[in-house]
Amino acid sequence: MGEQWTTASMPDQRGRVALVTGANAGLGYETAKALAERGACVVLAVRDVEKGEQAAARMTGDVTVQALDLTSLDSVRTAAAALRSRLDRLDLLINNAGVMYTPKQITRDGFEMQFGTNHLGHFALTGLLLDLMLPVPGSRVVTVSSTGHRIRAAIHFDDLQWERSYGRAAAYGQSKLANLMFTYELQRRLAAHGTTIALAAHPGMSNTELARNTPAALRLPLTWLAPLITQTPAMGALPTLRAATDPAALGGQYYGPGGRNEVKGHPRPVTSSSASYEMAVQQRLWAASEELTGVKFPVAESKGSPLTSGSAATT
């Protein structure tokens, strides 16, 4: 399709069912809106149902709302049960919701807020909904990461919840690196099934509410530079939409803006950090995530073969 991929490049989505987390604003809203306009039945999974209903009212098509608070495993389980009772299939799971650079906080289950929300909440949700996807040819799990996965990022197994010390940028980096490692390990486990694939995407620098916790010293300079270094939420959503709908997309691929330094531009396949492809760390993170969430996936364990971007079969 070329590098100028837009929403006009999206195939017809009629007959598909999509769930988008954090879809009441920003990137999630634009993702859900575009899918609904192309004919998908879209569920907005949001913490604030009233805001979700307001967002749904601004969209065209078949759009409904599901309460989901990713900071609570009880809420994740309740939402998954409700979705399983109302849906007989799920074609697209878009793990979009997230928090960024939050002050030190913990979730209801005692997890560091960024790791708990961005990674563990989505890990649990995916595991609880995956059996709605496995029978559906062409189904996809798309998880939204960030270029922040390269910044001071590592998986700190000796202190996953940042109890000894806390750095908001490093904690964000860990959570976004975890998103990618989850995607790559999930794809390896899904490969034998041949129906569902896992992909990741990042929005570049998009002008959304996500940056509201940016440290004060950086806020004013970023405000001045925003017109030069950021793009609209609609543009920022394109990598996710391409990962979700491009017929040529491969399991294990990572999409981002095609401009310089992946800051802005139309979406294309990109490469994540070398650390994100460390298979032993991916598998250790998976085991830790299962233990922390209590969620086991209905897919076979990883075979242990290396996975590189775009190495799996297409849908």
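Select helices α5 (residues 168–190) and α9 (279–293). Helices here are DSSP runs of type H or I with at least four residues, and strands are E runs of at least two, numbered from the N terminus. The axes of α5 and α9 come within 9 Å and cross at roughly 95°. That angle makes α5 roughly perpendicular to α9. Axes are lines fitted to C-alpha atoms, for helices over the stretch in contact, and angles run from 0 to 180 degrees between N-to-C directions. Angles under 35 degrees count as roughly parallel, over 145 as roughly antiparallel, 65 to 115 as roughly perpendicular, and the rest as oblique.

This is a predicted model, where local features need pLDDT of at least 70, side-chain atom pairs count only at pLDDT 80 or more, and totals for chains, interfaces and linings use all residues. Residues are numbered from 1 along each chain as its sequence is written, and side-chain values use heavy atoms, leaving out hydrogens and water.

Now show the side chains between α5 and α9. Contact means heavy atoms within 4.5 Å. On α5, pick residues including Phe182, Leu186 and Arg189. On α9, pick residues including Met279, Leu285 and Trp286.

Next, add helix α4 (residues 113–129). Its axis and that of α5 come within 7 Å and cross at roughly 20°. The two helices are therefore roughly parallel. Their crossing is right-handed, meaning that the near helix is turned clockwise from the far one by less than a right angle (anticlockwise would be left-handed). Among the α4 residues in this contact are Phe115, His119 and Phe123. From α5, Tyr172, Ala178 and Phe182 are among the partners.

Keep Phe123 selected and add Phe297. Their ring centres are 4.8 Å apart and their planes stand at 55°, so this pair is tilted. Rings of Phe, Tyr and Trp (its six-membered ring) pair if their centres lie within 6.5 Å; planes under 30 degrees apart are stacked, over 60 edge-to-face, and the rest tilted. Phe123 lies in α4 and Phe297 in the segment after α9, so the pair ties together parts 174 residues apart in sequence.

Are these two rings buried or exposed? Phe123 is buried at 0% relative accessibility, and Phe297 is buried at 9%. Buried means under 20% relative accessible area, exposed over 50%, and partly exposed in between (1.4 Å probe, protein chains only).

Add Phe182 and Trp286. Ring pairs link them with Phe123 and Phe297 into a cluster.

Finally, zoom out. The protein chain has 9 helices and 8 strands. Of its 315 residues, 56% count as buried.
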